[in-house]
Amino acid sequence: MARTAFRTRALTKVYGEGETAVHALRGVNLDIPEGEFVVLLGPSGSGKSTLLNIIGGLDRASDGEAWFHDRELTVMSDRQLTRYRRDHVGFVFQFYNLMPSLTALENVELVTEIASNPMDAADALALVGLTARADHFPSELSGGEQQRVAIARAVAKNPTVLFCDEPTGALDSTTGRTVLKVLKDVNETLGATVMIVTHAAATAQMADRVIHFADGTIRESVINETKVSPEEIHW
Ligand code: ADP
Ligand code: MG
């Protein structure tokens, strides 16, 4: 059995208070083994991003526990959370958040310059198949290429875990498949735990584990026995 990378117990998140309070997470119990490729599915507004942001150290829970290996994220100071993110976590978002005035390579180098154990930036671009585009600016790249730069940037810090929030949300299905294939490669070649949040249900076909999320809780967590490759996914 692989070690547990993430564990949450009775994790809750409430935004606001009183009559206008929003219960984004209502007691989430999660166990993610190290090295898994996990897809978290659920309708819009069900709390998926909130969960990802808390276990990724970007946001704080209201109550309950979240652990990364033997470290309890929910008791960490801001400084400790920043260090946790810097040393262990890569993020990929729906909108690529690249710096428009920097080339693809320079966007990746922004991260490799501050990470504690980075890859070579050019190697990270090679991993996503963009060596030939290294000197291009984001405005000269397609949406899929920009997302691959964002993945290279996230991966270049050699993260233990890669969190992807709707990574194919702005892409057509062909380009989306290319991006999913890159994420799968990262999972396999670097051994990073990958967790993808999406409402594109077909993505679940390539996962090791599929978590169904609704109304701030996990409805079901299932091991996917019949995985398909990203190329075979249709949506
Ligand atoms: P999902 O990613 O599944 O679409 P979210 O985690 O973004 O869902 O949001 C869950 C619920 O929490 C939603 O009702 C949303 O409106 C609310 N929410 C998210 N972030 C905030 C915030 N910063 N302030 C207030 N409410 C929020
Ligand atoms: Mg979301």
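This tour of a predicted model goes from the surroundings of ligand 1 to a group of aromatic rings.

Begin by selecting ligand 1 together with the residues around it, namely Tyr-15, Val-22, Ala-24, Pro-43, Ser-44, Gly-45, Ser-46, Gly-47, Lys-48, Ser-49 and Thr-50. Coloured by residue class, this shell divides into four nonpolar, six polar and one charged. If you then display secondary structure, β2 (22-33) and α1 (48-55) each contribute at least two residues to the shell, and α1 gives the most, with three residues.

Next, show the oxygen atoms of ligand 1 and look for their polar partners. One oxygen lies 2.8 Å from an N or O atom in the side chain of Ser-49, a polar side-chain atom of Thr-50 is 2.6 Å from an oxygen of the ligand, and a polar backbone atom of Gly-47 is found 3.1 Å from a ligand oxygen. Taken alone, ligand 1 exposes 570 Å², of which the protein buries 57%.

Now move to the aromatic side chains and select Phe-6, Phe-68, Tyr-84, Phe-91, Phe-93 and Phe-163, which ring pairs link into a cluster; the count for the model comes to five aromatic pairs. Within this cluster, centre on Phe-68 and Tyr-84, a tilted pair with 5.2 Å centre to centre and 55° between the planes. Because Phe-68 belongs to strand β4 (residues 63-68) and Tyr-84 to helix α2 (residues 78-88), the pair ties together parts that are 16 residues apart in sequence. Phe-68 counts as buried at 3% relative accessibility, and Tyr-84 as buried at 0%.

Finish at Phe-91 and Phe-163, another tilted pair, at 5.7 Å centre to centre and 35° between the planes. This pair links strand β6 (residues 89-93) with strand β7 (residues 161-165), the two residues being 72 residues apart, and both Phe-91 and Phe-163 are buried.

Definitions and conventions:
Residues are numbered from 1 along each chain as its sequence is written. Chains are lettered from A and ligands numbered from 1 in the order in which they are written. This is a predicted model: local features need pLDDT of at least 70, side-chain atom pairs count only at pLDDT 80 or more; totals for chains, interfaces and linings use all residues. Side-chain values use heavy atoms; hydrogens and water are left out. A residue is near a molecule or strand if one of its heavy atoms lies within 4 Å of it. A polar contact is a pair of N or O atoms within 3.5 Å; within protein, one must be able to donate a hydrogen and the other to accept it, and residues adjacent in sequence count only if both atoms are side-chain atoms. Accessible areas come from the Shrake-Rupley method with a 1.4 Å probe; for residues, only the protein chains shown count as cover. Helices (H or I, at least four residues) and strands (E, at least two) are DSSP runs, numbered from the N terminus. Ala, Val, Leu, Ile, Met, Phe, Trp, Tyr, Cys and Pro count as nonpolar, Asp, Glu, Lys and Arg as charged, and the others, Gly among them, as polar. Rings of Phe, Tyr and Trp (its six-membered ring) pair if their centres lie within 6.5 Å; planes under 30 degrees apart count as stacked, over 60 as edge-to-face and the rest as tilted. Buried means under 20% relative accessible area, exposed over 50%, partly exposed in between (1.4 Å probe, protein chains only).
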